[in-house]
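Dear colleague,

I am passing on to you the structure that I mentioned, and I would be glad if you could look through it when you have time. My notes on what was found in it follow below.

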Amino acid sequence: MALVKTEALSQSFNGMSRLHLFRQVGLAAGLAATIAIGVAVALWSTEPGFTPLPGNLSDKDASEVASALQRSNIPYKIDSSSGRVMIPGNRMQDARLMLASEGLPSGSGVGYEILQKEQGVGTSRALETARFQRALEVELSRTISAVNNVRSARVHLAIPKPSVFLRGRNKPRASVLVNLVPGRILEKGQVEAIVHMVASSVPNMSTEEVKVIDHKGRLLTNGMGDRELTLTAGQFEVTRQLEQSYVRRIEGILTPLLGLDGVRAEVAADLDFTVTERTQESFNPDLPAVRSEQTIDEQSRGAAGASGVPGALSNQPPGAATAPEVAAGAEGAGVATGAPSNSTRRVVRNYELDKTISHTRLGSGVLKRLSVAVLVDDKRAALTKMAKPSRRPAHLKRSNA
């Protein structure tokens, strides 16, 4: 059997040797390509498959994850169709541990983009409110993450339902968790900026209801909600600036005479930060003005009737009438002398006095007392006095000759 195979191979080589040189080169190239393809298929079959990382990564998170994988020498590739980051299946656990140690992916979530999606017909109002609140939390987290020294942030909002009763109204509250860059801290001004930004983004939320903590569980807003403590810190800063201003002025006057290290000054200022508000209402009686006036005139006239106490005597018929004596001029005027008349006149006037309302607020920070201590180098002061030229006239100077 072996002899038959050997003879067949020898016949094949003999046949190839009879071919033209170009055909021999073509057959050799084809044989080499076949072997290379076979080796590539074998290696591809033994190569571990690439698995996409879990979760939908944003473009920013995908770029940060790719940079971290490249620094850790973990192979990866980007799927051209979906854009997802894919790594070998046997390196999945190593990659996840490495990304978790660096806080990746940050998981920014979906913000106001969720409002652009079409909602179903059966979506309730409560679900829409919850989605809007979630979108607001994500947007606030993105904004806080843009602050220097903050790697990522999470915001939790507790917004109560609106109530028509004053007693049943609760204030909205917020909790902020910031994940800081290793070795960095947040300054007091940055914490105050975060608190005011969150309070301004939610209606009816005060700065006292916003709490900020870091990834180590430390409360960063401890004491910031106390208005009295905040005001005291501001008062202390104003007092310190005033004292430093006086110190610089004193040293600025004496330093040219005594040198840079020849004078020391300390100033203690006592300021009164009491805020006084006064409202005064005054009237000027010399400038009255008529506000309203009402005049009522009443006049009545009628014939004489029964008078007296009601009874039998007053109901008796009158006696015989006698003709009254009427003057000649009175009859022509048509005036009856026996008819009674009644006239009433009432006048009601309301006066408005000149009124002045003044509201005065006295400013705080009034200087009550100033204590100054100045320390002077006596040796330098003596040298300065000796070096001071005499101002006496030349003819009055003493001569040692």
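Please keep in mind that this is a predicted model. In its largest nonpolar core, which has 21 residues, the members that touch the most others are I144, V176, V178, V198 and V210. Two or more residues of this core come from each of α5 (125-145), β4 (150-158), β5 (173-180), α6 (188-201) and β6 (210-214), and the most are given by α6, with five residues.

If you would like one place from which to explore this core, you might take V210, which, when its neighbours within four places in sequence are left aside, is in contact with A174, V176, V195, V198, A199, M205 and T221. A second core, separate from the one above, has twelve residues, among them A62, V65, I74 and V85.

Turning to α5, its buried residues are A135, L136, E137, V138, E139, L140, S141 and I144, and these buried residues pack against β4, β5 and α6. The length of α5 can also be checked: because a rise of 1.5 Å a residue is expected, its 21 residues should span 30 Å, and the C-alpha atoms at its ends are indeed 30 Å apart, which agrees.

As for the whole protein, it has nine helices and ten strands, and 16% of its 401 residues count as buried. Of the contacts between residues at least 6 apart in sequence, 72% join residues at least 24 apart. The accessible surface comes to about 31200 Å², and 55% of it belongs to carbon and sulfur atoms.

With best wishes

How values were computed
Residues numbered from 1 in each chain as written. Predicted model: local features only at pLDDT ≥ 70, side-chain atom pairs only at ≥ 80, totals over all residues. Heavy atoms only, no water. Core = buried A, V, L, I, M, F, W, Y, C linked by side-chain atoms within 4.5 Å. Buried < 20%, exposed > 50% of the residue type's maximum accessible area, 1.4 Å probe, protein only. Helix = DSSP H or I, 4+ residues; strand = E, 2+ residues; numbered from the N terminus. Contact = heavy atoms within 4.5 Å. Areas by Shrake-Rupley, 256 points an atom, 1.4 Å probe, with all protein chains shown as cover. Expected span 1.5 Å × (residues − 1).
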